[in-house]
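Let's walk through this protein together, moving from single side chains to the whole chain. Please keep the viewer open as you read.

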Amino acid sequence: MNPHKMHRGDRCILREQVQSMFMGEYHHMIDGKGRLIIPVRFRELLGTEFVITRGLDGCLSIYPMDAWEAFEEKLKALPLTNKNARTFSRFFVAGATLCELDKQGRILVPAALREFAGLEKDVVLTGALSKIEVWSKEKWSQNCNYDDIDMIAEEMHKIGIVI
């Protein structure tokens, strides 16, 4: 058996694909200095350097370097003549900060990003496949209301996502 492959039922999945996916929901606290503990499982996938920036819906996004570099390439390909493309790129890049974990597995979240996401004390970190989302507990509660998931699933079906 190839050591880089895992088998699930009759599907064969590359281990690298499985390891690079962020999954789960973790509740933590951000301290008075703006330091946030990254869950151990997420630390294993992030590597030594990674990027934190603004995310959509009022959260922050943490990207491992390979995912950030792939995202950067997509942003670079946007037409500079398009105002929305410039604004979209600026939104993510202007707030981006290179991070490293300290010895306790924490990162220092810059004040501007804490303010953007409303991070004061209670924080929720969620896996979002290729990145981690960092939410204030309040914003997470507002955004994870799944009452309309059936309608959303129908919309996803229209674009080819079938469960």
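Glu155 is a good place to begin: with a relative accessible area of 40%, this residue is partly exposed. The model you are looking at is a predicted one. What does the side chain of Glu155 meet in a salt bridge? The partner is Lys158, with 3.1 Å from N to O. Lys158 is exposed, at a relative accessible area of 63%. Both residues sit in helix α7, which covers residues 149–158, and they are three residues apart, about one turn of the helix.

You can find a related arrangement in helix α2. There Glu44 forms a salt bridge with Arg41, and the closest N and O atoms are 3.3 Å apart. Helix α2 spans residues 40–46, and because Glu44 and Arg41 are three residues apart within it, about one helical turn separates them. As for solvent, Glu44 counts as exposed at 55% relative accessibility, while Arg41 counts as partly exposed at 35%.

Now turn to Asp31, which forms a salt bridge with Arg35. In this pair the closest N and O atoms are 2.7 Å apart. Asp31 is partly exposed, with a relative accessible area of 26%, and Arg35 is partly exposed too, at 24%. The structure holds five salt bridges, including the ones between Glu155 and Lys158, Glu44 and Arg41, and Asp31 and Arg35. Side chains of opposite charge can pair when their charged atoms come close.

Asp31 also leads us to a charged residue without such a partner. Which side chain of opposite charge is nearest to Arg114? That is Asp31, but the distance is 7.2 Å. A salt bridge calls for a side-chain nitrogen within 4 Å of a carboxyl oxygen, and Arg114 has no salt bridge even though it is buried. You will find Arg114 in helix α5, which runs over residues 111–117. Leaving aside residues up to four places away in sequence, Arg114 touches Ile30, Lys33, Gly34, Val109 and Leu119.

Leu119 gives us a bridge to the next stop, since Ser136 touches Leu119 as well, along with Ala117, Gly118 and Asp122, again not counting residues up to four places away in sequence. Ser136 belongs to strand β10, residues 131–136. Is Ser136 buried or exposed? Ser136 is buried, because its relative accessible area is 2%, and the cut-off for buried is under 20%. A polar atom of the Ser136 side chain lies 3.1 Å from the backbone nitrogen of Lys139.

Next come the aromatic residues. The structure holds 10 aromatic pairs. One of them joins Tyr63 and Phe71 as a stacked pair, with 5.5 Å centre to centre and 10° between the planes. A pair of aromatic rings is described by the distance of the centres and the angle of the planes. For this pair, the angle of 10° falls under the 30 degrees that count as stacked. Tyr63 is buried, with a relative accessible area of 6%, and Phe71 counts as buried at 16% relative accessibility. If you follow the ring pairs outward, they link Tyr63, Trp68, Phe71, Phe88, Phe91, Phe92 and Phe116 into a cluster.

Two loop residues deserve a look for their backbone angles. Where is Asp57 found? Asp57 is in the loop between β5 (50–54) and β6 (60–64). Its phi is near 65°, a positive value in a residue other than glycine. Asp57 counts as exposed, at 59% relative accessibility. Leu129 lies in the loop between β9 (122–128) and β10, and its phi is likewise near 65°, a positive value in a residue other than glycine. With a relative accessible area of 53%, Leu129 is exposed.

Finally, step back to the whole chain. The secondary structure comes to seven helices and 10 strands. Of the protein's 163 residues, 31% count as buried. Among contacts with a separation of 6 or more, 59% are between residues 24 or more positions apart. The accessible surface comes to about 10,700 Å², and 55% of that belongs to carbon and sulfur atoms.

Key. Residues are numbered from 1 along each chain as its sequence is written. This is a predicted model: local features need pLDDT of at least 70, side-chain atom pairs count only at pLDDT 80 or more; totals for chains, interfaces and linings use all residues. Side-chain values use heavy atoms; hydrogens and water are left out. Helices (H or I, at least four residues) and strands (E, at least two) are DSSP runs, numbered from the N terminus. Buried means under 20% relative accessible area, exposed over 50%, partly exposed in between (1.4 Å probe, protein chains only). Lys and Arg count as positive and Asp and Glu as negative; His and the chain ends are not counted. Contact means heavy atoms within 4.5 Å. A polar contact is a pair of N or O atoms within 3.5 Å; within protein, one must be able to donate a hydrogen and the other to accept it, and residues adjacent in sequence count only if both atoms are side-chain atoms. Accessible areas come from the Shrake-Rupley method with a 1.4 Å probe; for residues, only the protein chains shown count as cover. Rings of Phe, Tyr and Trp (its six-membered ring) pair if their centres lie within 6.5 Å; planes under 30 degrees apart count as stacked, over 60 as edge-to-face and the rest as tilted.
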